[in-house]
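Student: I have just opened this entry and would like to get to know it. Could you walk me through it with a few questions and answers?

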Amino acid sequence: MPQMAPISWLLLFLIFSITFILFNIMNYYSYLPSSPKLSKTTSLSTNSFNWKW
(Lines give C-alpha, C1' and ligand atoms only; values in the text may rest on other atoms or scores of the structure.)
Protein backbone atom coordinates (compact mmCIF):
# COMPACT_ATOMS: atom_id res chain seq x y z
CA MET A 1 0.00 0.00 0.00
CA PRO A 2 1.70 3.22 -1.11
CA GLN A 3 1.87 6.15 1.28
CA MET A 4 1.28 9.75 0.39
CA ALA A 5 3.91 12.39 0.98
CA PRO A 6 3.08 15.04 3.60
CA ILE A 7 3.11 17.76 0.95
CA SER A 8 0.29 15.94 -0.81
CA TRP A 9 -1.77 15.93 2.38
CA LEU A 10 -1.13 19.65 2.79
CA LEU A 11 -2.11 20.32 -0.81
CA LEU A 12 -5.31 18.31 -0.42
CA PHE A 13 -6.15 20.15 2.79
CA LEU A 14 -5.63 23.52 1.10
CA ILE A 15 -7.72 22.61 -1.94
CA PHE A 16 -10.62 21.31 0.17
CA SER A 17 -10.42 24.29 2.54
CA ILE A 18 -10.46 26.83 -0.28
CA THR A 19 -13.33 24.99 -1.96
CA PHE A 20 -15.29 24.93 1.30
CA ILE A 21 -14.71 28.65 1.93
CA LEU A 22 -15.66 29.61 -1.62
CA PHE A 23 -18.80 27.48 -1.44
CA ASN A 24 -19.86 29.18 1.80
CA ILE A 25 -19.14 32.65 0.41
CA MET A 26 -21.20 31.93 -2.70
CA ASN A 27 -24.10 30.65 -0.60
CA TYR A 28 -23.92 33.65 1.73
CA TYR A 29 -24.04 36.23 -1.04
CA SER A 30 -26.61 34.44 -3.19
CA TYR A 31 -29.28 34.76 -0.47
CA LEU A 32 -31.32 37.95 -0.86
CA PRO A 33 -33.58 38.62 2.13
CA SER A 34 -36.80 40.43 1.43
CA SER A 35 -36.84 43.92 2.85
CA PRO A 36 -39.67 44.56 5.30
CA LYS A 37 -42.40 46.89 4.12
CA LEU A 38 -42.97 50.07 6.08
CA SER A 39 -46.75 49.75 6.01
CA LYS A 40 -46.50 46.29 7.56
CA THR A 41 -44.44 47.44 10.51
CA THR A 42 -46.68 50.40 11.32
CA SER A 43 -49.85 48.33 11.43
CA LEU A 44 -48.83 46.01 14.22
CA SER A 45 -51.84 45.03 16.26
CA THR A 46 -51.52 43.92 19.84
CA ASN A 47 -54.01 41.25 20.73
CA SER A 48 -54.72 41.06 24.41
CA PHE A 49 -55.69 37.58 25.52
CA ASN A 50 -58.04 37.12 28.44
CA TRP A 51 -57.13 33.80 29.93
CA LYS A 52 -60.00 32.01 31.61
CA TRP A 53 -58.03 30.11 34.26
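Student: How much accessible area do the residues of the nonpolar patch on the surface have together?

Tutor: Keep in mind that this is a predicted model. The patch on its surface is formed by Ile7, Leu10, Phe13, Leu14, Ile18, Phe20, Ile21, Leu22, Ile25, Tyr28 and Tyr29. Together, these residues have an accessible area of about 1200 Å².

Student: Let me pick isoleucine 21 from that patch. Which helix is the place of isoleucine 21, and what is its relative accessible area?

Tutor: Isoleucine 21 sits in helix H1, which covers residues 6-30. Buried would call for under 20% and exposed for over 50%. Isoleucine 21 falls in between, so it counts as partly exposed, with a relative accessible area of 47%.

Student: Tyr28 and Tyr29 are in the patch too. Are tyrosine 28 and tyrosine 29 buried or exposed?

Tutor: The mark to pass for exposed is over 50%. Tyrosine 28 has a relative accessible area of 61%, and tyrosine 29 has one of 63%. Therefore tyrosine 28 is exposed, and tyrosine 29 is likewise exposed.

Student: How many aromatic pairs does a search of the whole structure find, and why is the pair described as it is?

Tutor: The search of the whole structure gives 1 aromatic pair. Its partners are tyrosine 28 and tyrosine 29, with ring centres 5.0 Å apart and planes at 85°. Planes over 60 degrees apart count as edge-to-face, so this pair of tyrosines is edge-to-face.

Student: Where does UniProt place the "transmembrane region", and what percentage of residues 6-29 is helix?

Tutor: The unreviewed UniProt entry puts that feature at residues 6-29. In the model, the end C-alpha atoms of this span lie 35 Å apart. Strand makes up 0% of the span, and helix 100%.

Student: What share of the protein's residues counts as buried?

Tutor: The protein has 2 helices and 0 strands. Its accessible surface comes to about 6100 Å², with 71% belonging to carbon and sulfur atoms. Of its 53 residues, the share that counts as buried is 0%.

Key
Residues are numbered from 1 along each chain as its sequence is written. This is a predicted model: local features need pLDDT of at least 70, side-chain atom pairs count only at pLDDT 80 or more; totals for chains, interfaces and linings use all residues. Side-chain values use heavy atoms; hydrogens and water are left out. Helices (H or I, at least four residues) and strands (E, at least two) are DSSP runs, numbered from the N terminus. Buried means under 20% relative accessible area, exposed over 50%, partly exposed in between (1.4 Å probe, protein chains only). Accessible areas come from the Shrake-Rupley method with a 1.4 Å probe; for residues, only the protein chains shown count as cover. UniProt positions are given in the numbering used here, feature names are shortened, and annotations may be inferred rather than shown by experiment. Rings of Phe, Tyr and Trp (its six-membered ring) pair if their centres lie within 6.5 Å; planes under 30 degrees apart count as stacked, over 60 as edge-to-face and the rest as tilted. Patches are made of residues with over 30% relative accessible area and no salt bridge: like charges are joined within 9 Å, nonpolar side chains (Val, Leu, Ile, Met, Phe, Trp, Tyr) within 5 Å. A salt bridge is a side-chain nitrogen of Lys or Arg within 4 Å of a carboxyl oxygen of Asp or Glu.
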